[in-house]
2 protein chains.
Amino acid sequence: MKKRITIKDIAKELNVHHSTVSRALRNDPRVNEVTRDAVLAYAREHEYQTNMNAVQLRGTSNNAIALIVPNINHSFFSDIVSKLTNLAYSKGYVISVFQTNEKYQQEKEIVNTIIRHNFAGVIVSIAKDTVNSDHFGVLSKFGIPLVFFDRICEDVPTPKVKINNYEITAKATEYLIKKGYRNIAHLTATTSINVFRDRENGYLDMLKKYGLEYQQPIMVQDDFSIELGKKLLSGLWNMPVKPDAIISSSVHMTVGIMLEARKSGIRIPEDLGLITFGSLLSSEIIEPQVTCIEQPEAEIAEISFDLLEKMISHEIEIGKSIEKTVEAEIIFKKSC
Amino acid sequence: MKKRITIKDIAKELNVHHSTVSRALRNDPRVNEVTRDAVLAYAREHEYQTNMNAVQLRGTSNNAIALIVPNINHSFFSDIVSKLTNLAYSKGYVISVFQTNEKYQQEKEIVNTIIRHNFAGVIVSIAKDTVNSDHFGVLSKFGIPLVFFDRICEDVPTPKVKINNYEITAKATEYLIKKGYRNIAHLTATTSINVFRDRENGYLDMLKKYGLEYQQPIMVQDDFSIELGKKLLSGLWNMPVKPDAIISSSVHMTVGIMLEARKSGIRIPEDLGLITFGSLLSSEIIEPQVTCIEQPEAEIAEISFDLLEKMISHEIEIGKSIEKTVEAEIIFKKSC
DNA sequence: TCTATCTTTGCACACGTTTGTATTTTGCTC
DNA sequence: GAGCAAAATACAAACGTGTGCAAAGATAGA
């Protein structure tokens, strides 16, 4: 096990000062060509690697970006994580991914970790649990660039990338109404998060517009899951007035709904219309194919990264509120 | 925008030396109780956060772990990434996730990045492209703990966590044979990776054992995808001797195969038996439900992390070869 | 040869921590 | 209050790098 070679080791070996080596490695024109080549050759030979801790400590530069998401293994987030990671890599940044598991407490500790490690910037989609945004305020206070995407903190002045959840849910609801569905339920999560609040409002406003009384926005506390979807449908089916359509905020729940429907002999779309947020890898195979609301993951990743990069390079000042909205799209299939 | 508070700022404010503050923050018994409380109070008050760059530069400690995977948005890897991230978090580590996109070049650069940033340890599943393992050798040479999982470099002496690919593929093949299938094709990837080589050998050996001639291990170069699955099945179906069963190394391809089969009127399992590695979120809904080989993601994550942790704490010496094998499981369904 | 300019290198300090050692302060005993 | 041990604090060096400034060396013009 060899010890890592440093700039001083090279300097000693080549009988120059370590500052000269430093300059040589960074192609500073002030250093003579022959010494530079000697340094570079020696460095390559001995597999020299800059110690980023020293560089960052000195405050010269920092190419580390942190990414905070509720889950890594939900396709919406894993797609964005994957795209952001590639984007960052192509621009010379290094991305660290953190997972809150939807817990406020973990999110807070993660933010502290990020501050401790001097990341150059942070991209976040907040946890369902998160009610207080102080921890993100601290980030900005310390001058660390911050961009929210999808699930955002309204009260933190910083760039935000949102999806048109209100409009798209209203549109989905109206589509169901026009197809003749009257008792439309909405399976969603806590309204303390903009995403779910917007969806709920789009849903409710559209029902109101058409004078429909059956309002069933169901705020679930638990994590979206197949089991939860099953349970919710069987619960709804035991109510005095059954729903005749469902808008589901998660593919996981949607799968559960379909399984429970099949088990209970509920026919889709005849007995129950179905629209879901998100899409499945296997969506084409499933019968009936489900009408779904596709979210533009690639666009979100690109815009978010672009905003963060501009903050890092001071093109956008820290603490400036910018809101970008990207558009989701309804893919019409056979489930309603 | 406030500047970050440092240990020296606290010292100046409280009229003590910064070394005393350092000890106070780390609960060193040598520092008086009242000064310690004063320091802690002031630190909390002003949101002091340790500068990990300084700590790590000094070489005292390092709680950063790097994770290298080919893709983040494939369920096998995203599950493992998710579990490892949680595991690491619960033990006080911070995980950075890197994605190679199956490219050797990116993998090499990522390893250099990891060395530059002084990570405490690395967990890797290598890219399909990776033929040379020198870059991982460098890691060990610098004394950085390294654990391989699933896709490993055989020639790097370090702990490895593998799946019993040979046995499980042999078992799957034998199952198909006993069900009466005779022309079994195997859709897989480059044999330069242990995973795919083991599967191929398990497949071939079992065919040989039963004296079957039809051997069709198809090594695909491209990334596994739905489109590729479609193309492969239609290609196979145009051959003089059609396969009557397929073992697929990826759920993506499997979805493509099923779509193409449906389009071309190929009945599963009557005309074509099907077994796939991996499982789908929606696997229960798909008709027919596919017999699949489930890989123990949680177990892999746990064992890998455990090994790495033991290397970091010097319970396992760097450069020691340890091989653990975990068992995949065939979930029998209706597709064969 | 002297001075002026340019090129190249060296010096020293700073970034924020930790830690071994030296120094001061406190508390105790007689 | 002197003496001494124990407790608390201060000092200094180190980790590896980057950079402003000084110094030395080279070149050129007169």
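Start by selecting Pro269(A), which sits in the loop between α11 and β9 (273-277) of chain A. Show the backbone there: the peptide bond from Ile268(A) to Pro269(A) is cis, with omega near 10 degrees. As you look around, keep in mind that this is a predicted model.

Now jump to the other protein chain and select Ile268(B) with Pro269(B). A cis peptide bond joins this pair as well, and omega is about 10 degrees. Pro269(B) lies in the loop between α11 (251-264) and β9 of chain B.

One more backbone stop before the wider views. Pick Glu102(A), whose phi is near 65 degrees, a positive value in a residue other than glycine. You will find Glu102(A) in the loop between β2 and α6 of chain A.

**The layout of chain A**

Zoom out and colour chain A by domain. Domain 1 covers 7-50, domain 2 takes 64-163 + 297-326, and domain 3 runs over 165-294. If you place a marker at the C-alpha centre of domain 1 of chain A and another at that of domain 3 of chain A, the two lie 64 Å apart.

**Where chain A meets chain B**

Next, select the residues in contact between the two protein chains. You should get 59 residues from chain A and 58 residues from chain B. The size of an interface is often given as the accessible area lost when the parts come together. Between chain A and chain B the buried area is about 5,700 Å², and carbon and sulfur atoms give 57% of it.

Now turn on polar contacts. Across this interface there are 33 residue pairs in polar contact, both residues at pLDDT 80 or more. To see which parts of chain A take part in the interface, highlight α4, α5 (75-90), β2 (94-99), α6 (104-116), α7 (134-141), α10 (226-237) and α11 (251-264); these are the elements giving two or more residues to the side that touches chain B. The largest share of that side, 8 residues, comes from α6(A). Colour the side by class and you will see 24 nonpolar, 23 polar and 12 charged residues.

How many salt bridges are there between chain A and chain B? The count is 4, while over all chains it comes to 24 salt bridges. For one to look at closely, select Arg262(A) and Glu287(B), whose side chains meet at 3.4 Å, N to O. This pair crosses between chains, from helix α11 of chain A, which holds Arg262(A), to the loop between β9 (273-277) and β10 (291-294) of chain B, which holds Glu287(B).

**DNA strand D**

Move to DNA strand D and show the 29 residues around it; Ile7(A), Arg30(A), Tyr48(A), His17(B) and Arg30(B) come nearest. Of the atoms of strand D that come within 4 Å of the protein, sugar and phosphate account for 59%.

Three phosphate contacts are good to label here:

- Ile7(A): a polar backbone atom is 2.6 Å from a phosphate oxygen of strand D.
- Arg26(A): an N or O atom in the side chain is 3.1 Å from a phosphate oxygen of strand D.
- Thr20(B): a polar side-chain atom lies 3.2 Å from a phosphate oxygen of strand D.

For the elements that give two or more residues to this surface, select α1 (7-14), α2 (18-25) and α4 (52-58) of chain A together with α2 (18-25) and α4 (52-58) of chain B. By class, the residues of the surface near strand D divide into 7 nonpolar, 14 polar and 8 charged.

**DNA strand C**

Finish on DNA strand C. Which residues come nearest among the 30 around it? They are His17(A), Arg23(A), Arg23(B), Tyr48(B) and Arg58(B). Sugar and phosphate make up 57% of the strand C atoms that come within 4 Å of the protein.

Label these phosphate contacts too:

- His17(A): a polar backbone atom is 2.6 Å from a phosphate oxygen of strand C.
- Ile7(B): a polar backbone atom is 2.7 Å from a phosphate oxygen of strand C.
- Ser22(B): an N or O atom in the side chain is 2.7 Å from a phosphate oxygen of strand C.

The elements giving two or more residues to this surface are α2 and α4 of chain A, together with α1 (7-14), α2 and α4 of chain B. Here α2(B) gives the most, with 4 residues. Coloured by class, the surface near strand C shows 8 nonpolar, 14 polar and 8 charged residues.

Key: Residues numbered from 1 in each chain as written. Chains lettered and ligands numbered in written order. Predicted model: local features only at pLDDT ≥ 70, side-chain atom pairs only at ≥ 80, totals over all residues. Heavy atoms only, no water. Near = heavy atom within 4 Å. Polar contact = N/O pair within 3.5 Å; in protein donor to acceptor, adjacent residues only side chain to side chain. Nonpolar A, V, L, I, M, F, W, Y, C, P; charged D, E, K, R; others polar. Contact = heavy atoms within 4.5 Å. Buried area = accessible area lost by both parts, 1.4 Å probe. Domains from an automatic or database assignment.
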